[in-house]
Amino acid sequence: NESGARRTAAGWHKLRARSTALTALRASVERLRSIVEPLDDGAIGRSAYPSEWTIAQVMSHLGSGAVILQRRFDDQLAGITTPDELAPRTWDEWNAKTPRAQVDDGLAADADLLAHLEATNDDQRERFSFSMGPMTFDFDGVVGLRLNEHAFHTWDIAVDLDPSATIPEPIAALVVDNLALIVQFTARPGGDPATVRVRTTEPERLITVELSSEGAVLAPTTGRAGSADLELPAEAFARLIYGRLDPLHTPAFVGDPVDLDRLRAAFPGP
């Protein structure tokens with residue numbers, strides 16, 4: 001019947017969305033491995049972006065995060081409360097590893113988490129619910145959070161080896177649509193109120209950035225593309241929100257540099 005067809009169509013749409021996010025995460029995992037695996041012990045000690053971290057330490061962060069997320073995922077599905085000491089204990093274990101172990105174990109943990117997520121069935125995905133403070137995420141939300149973190153930390157490493165590195169468009173296309181939550185954590189409060197309308201390319205989006213003394217809010221924008229104050233690639237806008245669009249790593253853009261500087265100041269990054 002018609003209602004059943006609508007439910008089926010909705011189900012397929014959700015399945016495609018999940019498949020797309022997991023496919024993008026797999027692409028990012030494979031890209032990270034291709035970048036990091038050939039590096040020798042000297043190279044993994046080089047500074048990443050931000051410069052306070054080495055490449056090995058970025059890999060430690062991704063690896064420990066993968067271990068923690070996989071444990072929380074399994075505990076939630078099993079109805080088990082994850083112990084509070086899991087995260088600090090895991091961080092201590094990874095911080096104590098040698099740089100080479102941080103890289104090798106990081107790649108392994110990263111691949112294990114991806115395989116774990118891909119192996120989940122529809123029932124497990126429907127039942128999964130992850131709370132972080134006042135926020136609750138379903139399976140798709142958690143995959144999106146991991147994809148964001150993974151994409152930017154992969155760039156943190158790649159850009160040290162190649163200053164022209166960007167986030168690949170298929171990954172950026174998903175990341176740029178998953179920024180509204182992130183601005184709560186990346187925006188610096190206390191700035192002057194302002195509204196900056198941004199048009200992205202690859203993919204095309206119209207986004208309004210509302211700055212206030214309390215932080216920032218992102219909202220989709222309707223209207224003509226020409227009404228935007230700034231135009232730049234989607235991956236560059238996403239990096240801006242994460243504080244990774246300093247002048248040395250900014251592509252060509254259209255608009256007033258004052259607006260871009262205003263956004264840089266609002267999202268200072270790590």
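Glu37 is partly exposed, with a relative accessible area of 49%, in what is a predicted model of the protein. The side chain of Glu37 takes part in a salt bridge with Arg33, in which the closest N and O atoms lie 2.8 Å apart. Arg33 is likewise partly exposed, and its relative accessible area is 29%. Both partners fall in the intermediate class because this class covers the values between the 20% under which a residue is buried and the 50% over which a residue is exposed.

This pair belongs to a wider set of charged contacts, since a search of the whole structure returns 19 salt bridges. Another of them is formed by Asp105 and Lys97, with 2.8 Å between the closest N and O atoms; here Asp105 has a relative accessible area of 29%, which makes it partly exposed, and Lys97, at 26%, is also partly exposed. A further salt bridge brings together the side chains of Asp177 and Arg205, again with an N to O distance of 2.8 Å. This pair connects distant parts of the chain, for Asp177 lies in the loop between helix H7 (169–175) and helix H8 (183–186), whereas Arg205 belongs to strand E4 (residues 205–212), 28 residues apart. Asp177 is partly exposed, with a relative accessible area of 47%, and Arg205 is placed in the partly exposed class at 27% relative accessibility. In addition, Arg26, Glu30 and Glu118 are joined into one network by salt bridges that share partners.

Strand E4, which carries Arg205, is also part of an open sheet of 5 strands, arranged in the order E5-E4-E3-E6-E7 with mixed pairing. Strand E5 (215–220) and E7 form the edges of this sheet, as each of them pairs on one side only. Within the sheet, E3 and E4 are paired in the antiparallel sense over 7 bridges, and in this pairing Ala194 is found opposite Leu211 of E4. The contact between strand E3 (residues 194–201) and strand E6 (residues 230–233) is instead parallel and consists of 4 bridges; one position in this contact is Thr200, which stands opposite Leu232 in E6. E6 in turn pairs with strand E7 (residues 254–255), in the antiparallel sense and over 2 bridges, where Gly255 in E7 is the bridge partner of Leu230. In general, the strands of a sheet pair through backbone hydrogen bonds, in either a parallel or an antiparallel manner.

Attention then turns to the open space in the model. The largest pocket holds about 990 Å³ of space. Its lining comprises 29 residues, of which His61, Met132, Leu145, Glu149 and His153 are the closest to the centre of the pocket. Two or more lining residues are given by each of helix H2 (55–78), helix H3 (86–95), strand E1 (130–132), helix H6 (139–161) and H8. Among the contributors, H6 supplies the largest share of the lining, with 7 residues. Sorted by class, the residues around the largest pocket are 17 nonpolar, 7 polar and 5 charged. Helix H8 thus appears in two of the contexts described here, as a contributor to the pocket lining and as one of the two helices that flank the loop containing Asp177.

Technical notes. Residues numbered from 1 in each chain as written. Predicted model: local features only at pLDDT ≥ 70, side-chain atom pairs only at ≥ 80, totals over all residues. Heavy atoms only, no water. Salt bridge = Lys/Arg side-chain N within 4 Å of Asp/Glu carboxyl O. Buried < 20%, exposed > 50% of the residue type's maximum accessible area, 1.4 Å probe, protein only. Pairing = 2+ DSSP bridges. 1 Å grid on protein atoms, 1.4 Å probe; cavity = no way out; pocket = protein on both sides within 12 Å on 5 of 7 lines; lining within 4 Å. Points joined across faces, edges and corners; volume = space filled by probe spheres on them. Nonpolar A, V, L, I, M, F, W, Y, C, P; charged D, E, K, R; others polar.
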